[in-house]
Amino acid sequence: MTAVLGRGTCGGHVTLLFTVDDLDEDPIKQGSLGAGLCLTDGAEAIARGELGDFSLEVKFLDGNGDKRMFQQVLDLLSEQITAILDYSWEIAVRNKLPSSQGFGMSAAGAIAAAAAFQRALGLPHEESLRRSLAIAHLVERGNSTGLGDVTALAAGGVERRLNPGSPYSGPDLLNGPGQAEGWSESIPLVLAWRANPGRHTSEYIDDDDWKKSITDAGTIQMVHLSDGPWDKSRWSELLDSAEAFSKQSGLSDDASRSALVKAGENATLRAGIHKDTSVLLCMLGESIVIVPRNISKPISLEKLLSELTKEGLDATLTHIGTLS
(Lines give C-alpha, C1' and ligand atoms only; values in the text may rest on other atoms or scores of the structure.)
Protein backbone atom coordinates (compact mmCIF):
# COMPACT_ATOMS: atom_id res chain seq x y z
CA MET A 1 0.00 0.00 0.00
CA THR A 2 1.39 3.40 -1.00
CA ALA A 3 2.10 5.72 1.92
CA VAL A 4 1.96 9.50 1.91
CA LEU A 5 4.75 11.44 3.62
CA GLY A 6 5.10 15.03 4.75
CA ARG A 7 7.58 17.04 6.78
CA GLY A 8 7.13 20.19 8.84
CA THR A 9 9.55 22.30 10.84
CA CYS A 10 9.22 25.27 13.15
CA GLY A 11 11.68 27.10 15.36
CA GLY A 12 11.03 27.81 19.01
CA HIS A 13 10.28 31.16 20.60
CA VAL A 14 11.41 33.00 23.71
CA THR A 15 9.02 35.53 25.22
CA LEU A 16 10.82 38.41 26.93
CA LEU A 17 7.76 40.39 28.03
CA PHE A 18 4.03 40.00 27.58
CA THR A 19 0.47 40.68 28.68
CA VAL A 20 -2.37 38.22 29.30
CA ASP A 21 -5.35 38.97 27.05
CA ASP A 22 -7.73 36.03 27.53
CA LEU A 23 -11.02 37.61 28.55
CA ASP A 24 -12.73 37.08 25.20
CA GLU A 25 -14.67 33.81 25.06
CA ASP A 26 -13.45 33.21 21.52
CA PRO A 27 -9.95 31.62 21.69
CA ILE A 28 -9.17 33.12 18.28
CA LYS A 29 -9.22 36.54 19.95
CA GLN A 30 -7.20 35.49 22.99
CA GLY A 31 -3.46 36.05 23.14
CA SER A 32 -0.99 38.66 24.29
CA LEU A 33 0.88 41.79 23.49
CA GLY A 34 4.62 41.55 23.97
CA ALA A 35 8.00 40.97 22.40
CA GLY A 36 10.46 38.15 22.06
CA LEU A 37 12.91 36.13 19.98
CA CYS A 38 12.12 33.47 17.39
CA LEU A 39 14.79 30.76 17.20
CA THR A 40 16.42 28.69 14.48
CA ASP A 41 16.17 25.53 16.62
CA GLY A 42 12.79 24.03 17.43
CA ALA A 43 10.67 21.10 16.31
CA GLU A 44 10.66 18.81 13.28
CA ALA A 45 7.78 16.47 12.44
CA ILE A 46 7.50 13.77 9.78
CA ALA A 47 4.00 12.45 9.11
CA ARG A 48 3.23 9.15 7.36
CA GLY A 49 -0.25 8.10 6.37
CA GLU A 50 -1.71 4.90 4.92
CA LEU A 51 -5.28 4.45 3.74
CA GLY A 52 -7.20 2.81 6.58
CA ASP A 53 -9.01 3.47 9.83
CA PHE A 54 -8.43 6.97 11.16
CA SER A 55 -5.85 6.81 13.97
CA LEU A 56 -2.59 8.34 15.13
CA GLU A 57 0.63 6.95 16.57
CA VAL A 58 3.13 9.46 17.95
CA LYS A 59 6.86 8.78 18.31
CA PHE A 60 9.38 11.11 19.92
CA LEU A 61 12.87 10.80 18.44
CA ASP A 62 14.48 13.05 21.07
CA GLY A 63 13.08 13.43 24.55
CA ASN A 64 9.44 13.30 25.54
CA GLY A 65 6.37 15.36 24.82
CA ASP A 66 2.60 15.54 25.03
CA LYS A 67 1.16 12.97 22.63
CA ARG A 68 -2.33 14.30 23.33
CA MET A 69 -1.42 17.61 21.68
CA PHE A 70 -0.69 15.96 18.34
CA GLN A 71 -4.04 14.17 18.41
CA GLN A 72 -5.68 17.56 19.03
CA VAL A 73 -3.87 18.99 16.01
CA LEU A 74 -4.96 16.10 13.79
CA ASP A 75 -8.57 16.24 15.00
CA LEU A 76 -8.82 19.97 14.27
CA LEU A 77 -7.26 19.47 10.85
CA SER A 78 -9.76 16.72 10.03
CA GLU A 79 -12.63 19.14 10.60
CA GLN A 80 -11.30 21.27 7.72
CA ILE A 81 -9.66 18.61 5.54
CA THR A 82 -11.92 15.56 5.49
CA ALA A 83 -9.41 13.51 3.44
CA ILE A 84 -7.33 13.21 6.63
CA LEU A 85 -10.00 10.86 8.03
CA ASP A 86 -9.23 8.30 5.30
CA TYR A 87 -5.77 7.58 6.69
CA SER A 88 -4.06 5.82 9.56
CA TRP A 89 -1.28 8.18 10.65
CA GLU A 90 2.10 8.03 12.28
CA ILE A 91 4.10 11.08 13.22
CA ALA A 92 7.72 11.18 14.34
CA VAL A 93 8.71 14.30 16.28
CA ARG A 94 12.22 15.56 16.96
CA ASN A 95 12.53 18.38 19.51
CA LYS A 96 15.83 20.22 19.48
CA LEU A 97 14.94 22.11 22.66
CA PRO A 98 13.32 20.90 25.89
CA SER A 99 9.61 21.38 26.50
CA SER A 100 8.06 23.32 29.40
CA GLN A 101 11.10 25.60 29.65
CA GLY A 102 9.86 28.81 28.05
CA PHE A 103 11.10 27.99 24.54
CA GLY A 104 7.69 27.85 22.84
CA MET A 105 8.08 24.18 22.02
CA SER A 106 4.39 23.29 22.28
CA ALA A 107 3.60 25.94 19.67
CA ALA A 108 6.54 24.86 17.50
CA GLY A 109 5.52 21.21 17.72
CA ALA A 110 1.89 21.92 16.88
CA ILE A 111 2.84 24.07 13.88
CA ALA A 112 5.37 21.53 12.57
CA ALA A 113 2.93 18.63 12.96
CA ALA A 114 0.04 20.44 11.29
CA ALA A 115 2.31 21.33 8.37
CA ALA A 116 3.57 17.75 8.07
CA PHE A 117 0.06 16.26 7.88
CA GLN A 118 -1.01 18.75 5.21
CA ARG A 119 2.12 18.35 3.11
CA ALA A 120 1.63 14.59 3.17
CA LEU A 121 -1.65 15.23 1.34
CA GLY A 122 0.00 17.60 -1.12
CA LEU A 123 -1.67 20.81 0.03
CA PRO A 124 -0.08 24.10 -1.07
CA HIS A 125 2.67 25.48 1.17
CA GLU A 126 1.19 28.90 1.93
CA GLU A 127 -2.27 27.52 2.66
CA SER A 128 -0.75 24.81 4.86
CA LEU A 129 1.35 27.31 6.78
CA ARG A 130 -1.58 29.59 7.53
CA ARG A 131 -3.79 26.70 8.60
CA SER A 132 -0.96 25.30 10.77
CA LEU A 133 -0.63 28.59 12.61
CA ALA A 134 -4.39 28.95 13.08
CA ILE A 135 -4.76 25.42 14.46
CA ALA A 136 -1.68 25.65 16.67
CA HIS A 137 -3.11 28.80 18.24
CA LEU A 138 -6.36 27.00 19.10
CA VAL A 139 -4.48 24.06 20.60
CA GLU A 140 -2.27 26.38 22.65
CA ARG A 141 -5.23 28.26 24.07
CA GLY A 142 -7.17 25.07 24.75
CA ASN A 143 -4.28 23.68 26.79
CA SER A 144 -3.18 26.99 28.39
CA THR A 145 0.34 26.24 27.18
CA GLY A 146 0.85 29.61 25.55
CA LEU A 147 -0.65 32.93 24.63
CA GLY A 148 1.36 34.64 21.92
CA ASP A 149 3.97 32.13 20.73
CA VAL A 150 2.08 31.25 17.56
CA THR A 151 1.45 34.86 16.58
CA ALA A 152 5.11 35.63 17.29
CA LEU A 153 6.24 32.73 15.08
CA ALA A 154 3.97 33.98 12.31
CA ALA A 155 6.18 37.08 12.20
CA GLY A 156 9.59 35.53 12.89
CA GLY A 157 12.90 37.08 13.90
CA VAL A 158 12.90 39.59 16.73
CA GLU A 159 9.18 40.17 17.11
CA ARG A 160 6.69 42.47 18.75
CA ARG A 161 3.03 41.58 19.13
CA LEU A 162 0.76 44.57 18.60
CA ASN A 163 -2.67 42.92 18.77
CA PRO A 164 -3.65 39.73 20.63
CA GLY A 165 -5.20 36.74 18.94
CA SER A 166 -4.60 34.15 16.24
CA PRO A 167 -2.58 35.37 13.25
CA TYR A 168 -5.00 33.66 10.84
CA SER A 169 -8.64 32.65 11.07
CA GLY A 170 -11.78 31.95 9.09
CA PRO A 171 -12.47 29.58 6.17
CA ASP A 172 -10.28 31.64 3.82
CA LEU A 173 -7.42 31.83 6.36
CA LEU A 174 -7.25 35.57 6.05
CA ASN A 175 -5.39 37.62 8.63
CA GLY A 176 -6.79 37.04 12.10
CA PRO A 177 -7.02 39.51 14.96
CA GLY A 178 -3.45 38.77 16.05
CA GLN A 179 -0.87 41.13 14.62
CA ALA A 180 2.90 40.90 14.96
CA GLU A 181 5.94 42.11 13.07
CA GLY A 182 9.58 41.14 13.14
CA TRP A 183 13.06 41.92 11.92
CA SER A 184 15.92 39.46 11.62
CA GLU A 185 19.70 39.38 11.95
CA SER A 186 21.95 36.35 12.49
CA ILE A 187 22.30 37.06 16.20
CA PRO A 188 23.81 34.26 18.33
CA LEU A 189 22.28 33.50 21.69
CA VAL A 190 22.63 30.91 24.42
CA LEU A 191 19.69 29.23 26.11
CA ALA A 192 20.23 27.75 29.58
CA TRP A 193 17.79 25.92 31.83
CA ARG A 194 17.41 23.83 34.93
CA ALA A 195 17.05 20.13 34.19
CA ASN A 196 13.70 19.86 36.00
CA PRO A 197 11.16 22.44 34.83
CA GLY A 198 9.22 24.33 37.46
CA ARG A 199 5.65 25.53 37.33
CA HIS A 200 3.54 25.07 34.21
CA THR A 201 2.68 28.17 32.18
CA SER A 202 -1.00 27.75 33.06
CA GLU A 203 -0.20 28.26 36.76
CA TYR A 204 0.67 31.85 35.90
CA ILE A 205 -1.63 32.84 33.04
CA ASP A 206 -4.68 31.25 34.71
CA ASP A 207 -3.98 32.84 38.10
CA ASP A 208 -5.74 36.18 38.63
CA ASP A 209 -2.99 37.76 40.74
CA TRP A 210 -0.18 36.77 38.40
CA LYS A 211 -2.29 37.73 35.41
CA LYS A 212 -2.70 41.26 36.75
CA SER A 213 0.94 41.81 37.70
CA ILE A 214 2.16 40.39 34.39
CA THR A 215 -0.31 42.39 32.31
CA ASP A 216 0.34 45.64 34.18
CA ALA A 217 4.09 45.28 33.70
CA GLY A 218 3.77 44.20 30.07
CA THR A 219 1.42 47.05 29.23
CA ILE A 220 3.89 49.61 30.62
CA GLN A 221 6.69 48.28 28.44
CA MET A 222 4.58 47.90 25.29
CA VAL A 223 3.50 51.55 25.42
CA HIS A 224 6.86 52.60 24.05
CA LEU A 225 7.88 49.35 22.30
CA SER A 226 4.73 49.51 20.16
CA ASP A 227 5.57 53.00 18.93
CA GLY A 228 7.72 53.75 15.88
CA PRO A 229 9.47 51.51 13.35
CA TRP A 230 10.53 48.01 14.45
CA ASP A 231 14.08 47.25 13.34
CA LYS A 232 17.53 46.48 14.72
CA SER A 233 17.87 50.01 16.10
CA ARG A 234 15.41 48.91 18.84
CA TRP A 235 17.60 46.05 20.15
CA SER A 236 19.01 47.84 23.20
CA GLU A 237 15.56 49.19 24.04
CA LEU A 238 14.12 45.66 23.90
CA LEU A 239 16.77 44.35 26.31
CA ASP A 240 16.10 47.19 28.75
CA SER A 241 12.34 46.57 28.56
CA ALA A 242 12.80 42.85 29.17
CA GLU A 243 14.82 43.49 32.33
CA ALA A 244 12.29 46.06 33.55
CA PHE A 245 9.36 43.71 32.86
CA SER A 246 10.87 40.82 34.82
CA LYS A 247 11.26 43.07 37.87
CA GLN A 248 7.96 44.96 37.61
CA SER A 249 5.93 41.77 37.11
CA GLY A 250 7.55 40.06 40.09
CA LEU A 251 8.58 37.09 37.96
CA SER A 252 12.29 37.64 38.61
CA ASP A 253 11.64 37.03 42.32
CA ASP A 254 9.52 33.92 41.84
CA ALA A 255 10.69 30.28 41.88
CA SER A 256 14.35 31.22 42.44
CA ARG A 257 14.55 32.96 39.07
CA SER A 258 16.89 35.58 40.54
CA ALA A 259 19.31 32.74 41.33
CA LEU A 260 18.98 31.55 37.75
CA VAL A 261 19.91 34.99 36.40
CA LYS A 262 22.80 35.17 38.86
CA ALA A 263 24.10 31.83 37.61
CA GLY A 264 24.06 33.17 34.07
CA GLU A 265 25.87 36.32 35.13
CA ASN A 266 28.51 34.25 36.94
CA ALA A 267 29.08 32.25 33.78
CA THR A 268 29.46 35.35 31.61
CA LEU A 269 31.88 36.83 34.15
CA ARG A 270 34.13 33.75 34.08
CA ALA A 271 33.93 33.67 30.28
CA GLY A 272 35.10 37.30 30.19
CA ILE A 273 32.07 38.57 28.28
CA HIS A 274 29.88 39.94 31.08
CA LYS A 275 30.18 43.52 29.80
CA ASP A 276 29.14 42.47 26.31
CA THR A 277 26.09 40.34 27.15
CA SER A 278 22.68 40.53 28.81
CA VAL A 279 21.16 37.69 30.84
CA LEU A 280 17.37 37.67 30.49
CA LEU A 281 14.59 35.47 31.82
CA CYS A 282 12.59 33.36 29.38
CA MET A 283 8.87 33.62 30.04
CA LEU A 284 7.66 31.34 31.56
CA GLY A 285 10.24 28.63 32.04
CA GLU A 286 13.03 27.91 34.49
CA SER A 287 15.39 29.29 31.89
CA ILE A 288 17.46 32.22 30.70
CA VAL A 289 18.65 33.55 27.37
CA ILE A 290 22.05 35.22 27.06
CA VAL A 291 22.38 37.66 24.17
CA PRO A 292 24.96 40.18 22.94
CA ARG A 293 24.33 43.77 23.98
CA ASN A 294 25.78 45.17 20.75
CA ILE A 295 24.61 43.18 17.72
CA SER A 296 26.97 45.08 15.44
CA LYS A 297 30.00 43.72 17.31
CA PRO A 298 30.95 40.07 16.60
CA ILE A 299 31.00 37.93 19.74
CA SER A 300 31.60 34.25 20.45
CA LEU A 301 29.26 32.67 22.96
CA GLU A 302 30.43 29.07 22.68
CA LYS A 303 32.70 29.29 25.72
CA LEU A 304 29.62 30.06 27.81
CA LEU A 305 28.32 26.50 27.47
CA SER A 306 30.94 24.90 29.72
CA GLU A 307 30.68 27.75 32.24
CA LEU A 308 26.92 27.31 32.48
CA THR A 309 27.41 23.59 33.07
CA LYS A 310 29.53 24.50 36.09
CA GLU A 311 26.48 26.40 37.39
CA GLY A 312 24.39 23.23 37.17
CA LEU A 313 22.53 24.31 34.04
CA ASP A 314 21.96 22.67 30.67
CA ALA A 315 22.72 24.98 27.76
CA THR A 316 22.76 25.22 23.98
CA LEU A 317 23.85 27.75 21.38
CA THR A 318 21.31 28.87 18.77
CA HIS A 319 20.47 31.96 16.68
CA ILE A 320 17.63 34.34 15.90
CA GLY A 321 15.33 32.80 13.29
CA THR A 322 14.45 34.26 9.94
CA LEU A 323 11.23 36.10 9.14
CA SER A 324 8.29 33.79 8.47
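The following paragraphs describe the nonpolar core, the aromatic pairs, one helix and the cysteines of this structure. The model is a predicted one.

The nonpolar core is a convenient place to begin. In soluble globular proteins, nonpolar side chains tend to be buried together. Here the largest nonpolar core comprises 94 residues, and the members that touch the most other members are L37, W89, F117, L238 and V289. The element that gives the most to this core is helix α2, spanning residues 105-120, with 11 residues. The surroundings of L238 can be listed in detail: with neighbours within four places in sequence left aside, L238 is in contact with L16, L17, A35, L37, V158, L225 and W230. L37, itself among the core residues that touch the most other members, is thus one of the contacts of L238.

Two further residues of that group, W89 and F117, lead to the aromatic rings. A pair of aromatic rings is described by the distance of the centres and the angle of the planes. The structure contains seven aromatic pairs. In one of them, W89 and F117 are arranged edge-to-face, with 5.3 Å from centre to centre and 80 degrees between the planes. Because W89 belongs to strand β4 (residues 87-95) and F117 to helix α2, this pair ties together parts that are 28 residues apart in sequence. Both partners are buried: the relative accessibility is 1% for W89 and 0% for F117. Another edge-to-face pair is formed by W183 and W235, with a centre-to-centre distance of 6.2 Å and an angle of 80 degrees between the planes. W183 lies in strand β8 (residues 179-183) and W235 in helix α7 (residues 235-248), so this pair joins parts that are 52 residues apart in sequence. W183 is buried at 7% relative accessibility, and W235 is buried with a relative accessible area of 2%. Beyond single pairs, W89 and F117 also belong to an aromatic cluster together with Y87.

Helix α3 can be examined next. This helix covers residues 125-143, a run of 19 residues, and reaches 27 Å from its first C-alpha to its last, close to the 27 Å expected at 1.5 Å a residue. Its buried residues include S128, R131, S132, H137, E140, R141 and N143, as well as L133, A134, I135, A136 and V139. The elements against which the buried residues of α3 pack are α1 (67-80), α2, α4 (149-155), β6 (168-169) and α5 (202-205). R131, which is placed in this helix, is buried at 8% relative accessibility. Not counting residues up to four places away in sequence, R131 touches L77, Q80, I81, Q118, L123 and L173. After α3 comes S144, which has a positive phi, near 55 degrees.

The cysteines complete the account. How many disulfides does the structure hold? The number is zero. For C10, the closest cysteine sulfur is that of C38, at 8.1 Å, which is too far for a bond because a disulfide requires sulfur atoms within 2.5 Å. The closest cysteine sulfur to that of C282 is likewise in C38, at 13 Å, and therefore too far for a bond. C10 is buried, with a relative accessible area of 14%, and C282 is also buried, at 0% relative accessibility.

Technical notes:
Residues numbered from 1 in each chain as written. Predicted model: local features only at pLDDT ≥ 70, side-chain atom pairs only at ≥ 80, totals over all residues. Heavy atoms only, no water. Buried < 20%, exposed > 50% of the residue type's maximum accessible area, 1.4 Å probe, protein only. Core = buried A, V, L, I, M, F, W, Y, C linked by side-chain atoms within 4.5 Å. Helix = DSSP H or I, 4+ residues; strand = E, 2+ residues; numbered from the N terminus. Contact = heavy atoms within 4.5 Å. Expected span 1.5 Å × (residues − 1). Phe/Tyr/Trp six-rings, centres within 6.5 Å; stacked < 30°, edge-to-face > 60°.
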